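Student: I would like to go through this model by asking how each description follows from its definition. Could we begin with overall dimensions and end with the chain–chain contacts?

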Amino acid sequence: MKVLSLIIALVMGALLTVILDDLPAWGDAQSPANAHVSAYYLENAYKQTHVPNVVTAVLADYRGFDTMFETGVVFVAVIGIMAILRREGVPKGAKSRKRPPHQPPDPAITGVATRFIVPFMQIFGLYVIAHGHYSPGGGFQGGVILGASVILMAMTGELKSALNRMSEDWFIIMVGLGFLIFAGVGLACMFYGGNFLDYSALAPLFSGTPQEAAITARYHAMLWVEIGVGFTVMSSMFAIYTYLASDGWMDRGL
Amino acid sequence: MEWLQINYNYLLVIVLLMIGLWAMIGKNNLVKKCIGMCIFQNAIIMFFISMGVKAGSTIPILNYTKIDGVKTYLTEASMYANPLTQILMLTAIVVGVATLGMALTLVQKIYSEYGTCEEDEILEKLN
């Protein structure tokens with residue numbers, strides 16, 4: 001089996017190497033991927049949304065549907081993991097494996113270091129979410145940083161102490177809440193007479209001429225959407241860690 | 001040698017794809033299969049990101065110049081890397097995390113059921 005899989009992998013590598021000459025050279029500005037559609041976004045994204053970070057503009061506005069259902073994928077993954085791993089009460093039956101005796105972690109150094117690091121991580125995570133319009137960042141990146149800060153607390157101290165700050169009920173609610181904020185912004189656009197996730201329909205909420213207000217509406221709606229994504233990603237990261245690390249018992253981590 | 005210089009990004013991707021595929025097919029341990037899947041995903045991500053590079057360009061965040069104190073953003077497409085591939089891969093990374101979490105969950109469930117992650121041992125216990 002090992003030899004067979006090695007042969008398959010080598011054959012695939014050889015086939016891919018054969019077609020290398022047909023692929024565009026690295027850094028070719030005229031390659032098919034770079035020449036056609038992307039120039040439109042680079043030239044018009046600022047005019048239409050006033051967001052200099054084109055990645056954020058396309059992610060949250062032009063491709064809002066894609067991002068919304070991507071958040072939905074994360075939500076569904078958390079629900080699936082919960083359905084598979086979560087247990088309640090005491091182990092039943094002989095099949096549950098013996099758990100080794102619990103050794104509480106010694107937080108002499110890591111605990112103190114975590115106490116210093118976590119606030120800065122969370123501030124930085126909020127900054128990355130809020131400043132995603134102007135610098136590399138956005139809901140996904142900031143959400144991961146926020147989630148990592150909670151996971152760090154759970155890893156260095158007891159899982160219980162992290163769960164006291166963010167209980168199971170809360171992170172499940174927050175995973176759904178993020179998706180709800182995203183979909184809610186889309187629905188709000190419909191209430192104002194536009195299409196789903198067409199943020200320019202929110203223009204009546206903002207001051208200025210209709211055209212300016214539409215741009216401002218897109219700018220602000222993107223921030224709300226990013227905040228929703230941040231909620232979902234942050235709590236889903238912690239949820240995945242918690243269920244995997246405690247094997248569904250929710251009593252102690254790694 | 002010149003061929004290597006032109007194509008080294010693709011060659012790196014191909015090597016990673018081979019490692020990932022080999023790990024997914026050939027390894028016996030389910031966790032190692034998951035790691036192989038992760039390497040495979042990352043190879044695809046690197047492929048897409050390297051497709052979006054333009055020589056001499058910077059990240060797709062618009063630069064500005066100040067003319068008489070007024071910010072003017074420069075929207076020349078050739079100045080910036082292709083944003084679309086990066087956005088697509090941002091999506092792929094997140095979905096990759098979700099699938100990896102799901103896969104590891106299933107592996108953990110299999111482990112608590114059979115006491116092992118090795119494929120052949122699981123098959124033995126099944127028969």
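Student: How do you know that chain B does not have the radius of gyration of a compact globule of 127 residues?

Tutor: The radius of gyration is taken over C-alpha atoms, and the globule rule is 2.2 Å times the number of residues to the power 0.38; a compact globule of 127 residues would be near 14 Å, but chain B has 22 Å. The C-alpha atoms of chain B fill a box of roughly 80 × 40 × 15 Å along the principal axes. This is a predicted model, in which local features need pLDDT of at least 70 and side-chain atom pairs 80 or more, while totals for chains, interfaces and linings use all residues. Residues are numbered from 1 along each chain as its sequence is written, with chains lettered from A and ligands numbered from 1 in the order written.

Student: What makes a residue of chain B count as buried, and what percentage of the chain is buried?

Tutor: A residue is buried if 20 or more other C-beta atoms, placed from the backbone, lie within 10 Å of its own, and buried residues make up 28% of the 127 residues in chain B.

Student: How do you know which residues of chains A and B are in contact, and how many are there?

Tutor: Two residues are in contact if their C-beta atoms, placed from the backbone, lie within 7 Å; 52 residues of chain A are in contact with 47 residues of chain B. The largest share of the chain A side, 10 residues, comes from H1(A), where a helix is a DSSP run (H or I) of at least four residues, numbered from the N terminus.

Technical notes
Buried ≥ 20, exposed ≤ 12 C-beta atoms within 10 Å, placed from the backbone. Helix = DSSP H or I, 4+ residues; strand = E, 2+ residues; numbered from the N terminus.
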